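Let's take a walk through a protein model together, one piece at a time. Keep the structure open beside you and turn it as you read.

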Amino acid sequence: MLTLIGLVFLFVAVLLGALLVSYLKELMLNDHRPPVAGSTLTMLIHFNKFFDYVALIAKKHRTFRFITPTHSEVYIADPINVEHVLKSNFQNYTKDGKYSEKDDVLPDGFKIKKGDGISYMAYPMGRMTYIWGEDAEEFRPERWLHDGVFQPESPFKFTAFQGGPRICLGKEFAYRQMKIMAAFLVFFFKFRLVDESKEATYRTMFTLHMDNGLHLYASPRSKA
Ligand code: HEM
């Protein structure tokens, strides 16, 4: 029994050692083209508020990379670079879980290495003054209206549904569902936050969830 535990322990130790060596080798390689924002470790340290952390970096570098034990993860907040990746053919940048299939140079000069992971950053992009102007972080939905009529923005700036050949096929359907739901709820109810002093924030996940939900009081609108 003790021999078995010893063997398992040895196996895990060798595995961790091999991972550590490959990680250190990757960190020491000098072909990580700048700007490098950190490593997997940096990402883990900031995991709790990861999207705010990358938003801070994106204010300084519109495109940057994190180094992982096996490759770089490139994060893009620049609409010109997002457009380049999304419009490129699927042999250059794969569709799901995007990876670069060959070396490339993005329109702003950022160099991509074959095998780099590629992500665009919808959350930071929604907050960048270089995309939306000085009031980027203000809640001002009328910015979407011109003379009272909704004007869509470029899908490479507002990237929730992606763009080009990769655009979400259910986009219009999703908008319709959201409009029906919102119109129905607002027509019948008034909403008030249970705790107005509490900051509404998120839980880091692939799709963002409200942290602990958003607690509201709903009261029926008067019929008068
Ligand atoms: C708010 C709701 C939604 C959001 C934010 C959203 C977002 C996206 C995104 C970002 C992609 C691209 C994925 C990729 O290429 O890596 C996508 C693809 C897709 N979405 Fe949506 N989607 C939504 C709702 C829907 C709905 C309701 C439907 C169907 C009725 C739908 C159908 C599709 C399909 C079929 C694709 C694949 C398109 C292709 O491979 O060419 N989506 N969606």
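Before we set out, here is a convention for directions: an axis is a line fitted to C-alpha atoms, for a helix over the stretch in contact, and an angle between two axes runs from 0 to 180 degrees between their N-to-C directions. Please also keep in mind that what you are looking at is a predicted model.

Let's begin with the broad layout. The chain is divided into domain 1, covering residues 23-168, and domain 2, covering residues 170-224. Their C-alpha centres lie 28 Å apart. Where the two touch, domain 1 contributes seven residues to the contact and domain 2 contributes four residues. What kinds of residues does domain 1 use on the side that touches domain 2? Six are nonpolar, one is polar and none is charged.

Now look for the sheet. Strands of a sheet pair through backbone hydrogen bonds, and the pairing can be either parallel or antiparallel. Here you will find an open sheet of four strands in the order 1-2-3-6, and its pairing is mixed. Strand 1 (36-39) and strand 6 (117-120) are the edge strands, each pairing on one side only. On average, neighbouring strands of this sheet are turned by 25° against each other, direction ignored. One pair to pick out is strand 3 (residues 72-76) with strand 6: they run in the parallel sense and are joined over four bridges. Within strand 3's stretch of the chain, find Val74, which stands opposite Ile118 in strand 6.

Next, meet helix 4, made of residues 79-87. Which strands does helix 4 lie across? The helix crosses strand 2 (63-67), strand 3 and strand 6, and it runs at about 120° to strand 3. Helix 4 is mostly covered, with seven of its nine residues buried. Those buried residues are Pro79, Asn81, Val82, Glu83, His84, Val85 and Leu86. They pack against strand 2, strand 3 and strand 6, and also against helix 6 (129-132).

Our last stop is the ligand. It is surrounded by 11 residues, and the closest are Arg166, Cys168, Leu169, Gly170 and Ala174. The residues of this shell divide into six nonpolar, two polar and three charged. Why can we say that the ligand lies between the two domains? Domain 1 and domain 2 both give residues to the shell around the ligand, so the ligand lies between them.

Methods:
Residues numbered from 1 in each chain as written. Predicted model: local features only at pLDDT ≥ 70, side-chain atom pairs only at ≥ 80, totals over all residues. Near = placed C-beta within 6 Å. Nonpolar A, V, L, I, M, F, W, Y, C, P; charged D, E, K, R; others polar. Domains from an automatic or database assignment. Pairing = 2+ DSSP bridges. Helix = DSSP H or I, 4+ residues; strand = E, 2+ residues; numbered from the N terminus. Buried ≥ 20, exposed ≤ 12 C-beta atoms within 10 Å, placed from the backbone.
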